[in-house]
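Me: I'm new to this one and would like a close look at a single part. Could you walk me through it slowly?

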Amino acid sequence: MPILPRHDLPPLLEQLRLSNRTIGYTSGTFDLLHRGHVEYLELARNLCDVLVVGVNSDSSVRAYKGPTRPVVGEEDRARVVAGLRSVDYVFLFDETNNNRSIEMLRPDVYIKAGDYTKEKLSSAPIIESYGGRVELVSFVPERSTSAIIERIGLIAQTGSVTSLPIEPRPALFLDRDGTIIEHVEYLHDPAKVAIKPGAFSAIRRFQDAGYRIIMVTNQPGISLGYFTVEDLFRVNARILRDAAPFEVVFDKMYFCPHSNVDRCSCRKPLPGMLERAVADLQVLRQKSIFVGDSRVDIEAAREFGCRSVLLREPTASGKHDAGASLADVVVSSWEEIAALAG
């Protein structure tokens, strides 16, 4: 199927309309094309006679997903999408929304994935102003490019792939910096990793008690350009090496590379990374525990619906910080946390 400049499409689509063909339009990054993408586009094609797909350019993807994406360049992504049977036309675009594309193409049907709502679409009023309509299509759950990237990262760090667990189990969610390891601002040097005293002995007790061991960490330094994803993997690999003598095994290591300005859904205090663990590992939400050292960790635990533990040294006045009032349990050492494993 042809990949065309966007400005070449309007006259071509107008000719198709004269033949009573219904024009549908959707868009996306389509980075590391997977089953969810393919089935979504098949469903979109069922809503129209001609499906036009806008593929975000590399600069567009970086603007809203951060500097580590896309994994695959724009020309390759467009070519793969164009090769799908359900797709009729493909173009690349630089904006971070679809308003300009809809104004130019005037599709009869604008199709978006079901994780959106019509109220959240700034382009919905545009298409409805000339008589078009918006259709929301369900997407395949538990399929995402981010999950594939993290799976690859886990393989790179551990050198092996384990099959996904099938039995539901509680999880011990762990913040990284200031919780498992001593806090270092924008840590990117593995040589500076210092494990908190007693951390792995305590984590091992939870592991023996049947908990999944899952790290969830905000790493805005990636988005801000202070270090790379590869630097993050090297630091995490050091943590894995230090955990090995205790026979501690991490089931997952989730990270959010975004800063506050990126407005992502994964950055704590939002519970996006914890929700992914439910989908990936069948985590039992209410029986799980989240150990962190800051208010955002405690807020994420509360939003997610699991027990929260604040690991925090008292201030000079003898009181803990504001996060202590929200936490279910406040402790000053990993020895105290170990006792919670039962």
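Me: Let's start with a pair of side chains: which residue does the side chain of Arg17 meet in a salt bridge?

Reply: Keep in mind that this is a predicted model. The partner is Glu14: its side chain and that of Arg17 meet in a salt bridge, at 3.3 Å from N to O. Side chains of opposite charge can pair when their charged atoms come close. Here both residues belong to helix 1, and they sit three residues apart, which is about one turn of the helix.

Now look at how each of them is placed. Arg17 is on the list of buried residues of helix 1, together with Leu9, Leu13 and Leu16. Those buried residues cover an arc of only 100° around the axis, so they end up on the same side of helix 1. Glu14 counts as partly exposed, because its relative accessibility is 39%, while buried would mean under 20%.

So what lies over that buried side? The cover includes strand 1 (23-28), strand 2 (50-56), strand 3 (89-93) and helix 5 (99-105). Turn the helix around and you find the face pointing away from the buried side, with the exposed residues Pro11, Gln15 and Leu18. Helix 1 itself spans residues 9-18, and just after it Asn20 takes a positive phi of about 60°.

Back to charges for a moment. The Arg17 and Glu14 pair has company, since the structure holds 23 salt bridges. One of them joins Arg35 and Glu39, with the closest N and O atoms 2.7 Å apart. This pair is also within a helix: Arg35 and Glu39 both lie in helix 2 (residues 35-45), four residues apart, again about one turn. Arg35 is partly exposed, with a relative accessible area of 47%, and Glu39 is partly exposed too, at 28%.

Another pair to find is Glu135 with Arg133, where the closest N and O atoms are 2.9 Å apart. Glu135 has a relative accessible area of 24%, which makes it partly exposed, and Arg133 is partly exposed with 38%.

Salt bridges can also be chained together here: Glu167, Arg169, Arg212 and Asp251 are linked in a network.

If you go back to helix 1 with all this in mind, you can trace its two sides: Leu9, Leu13, Leu16 and Arg17 are buried, and Pro11, Gln15 and Leu18 are exposed on the face turned away.

Methods: Residues numbered from 1 in each chain as written. Predicted model: local features only at pLDDT ≥ 70, side-chain atom pairs only at ≥ 80, totals over all residues. Heavy atoms only, no water. Buried < 20%, exposed > 50% of the residue type's maximum accessible area, 1.4 Å probe, protein only. Arc of directions from axis to C-beta. Contact = heavy atoms within 4.5 Å. Salt bridge = Lys/Arg side-chain N within 4 Å of Asp/Glu carboxyl O.
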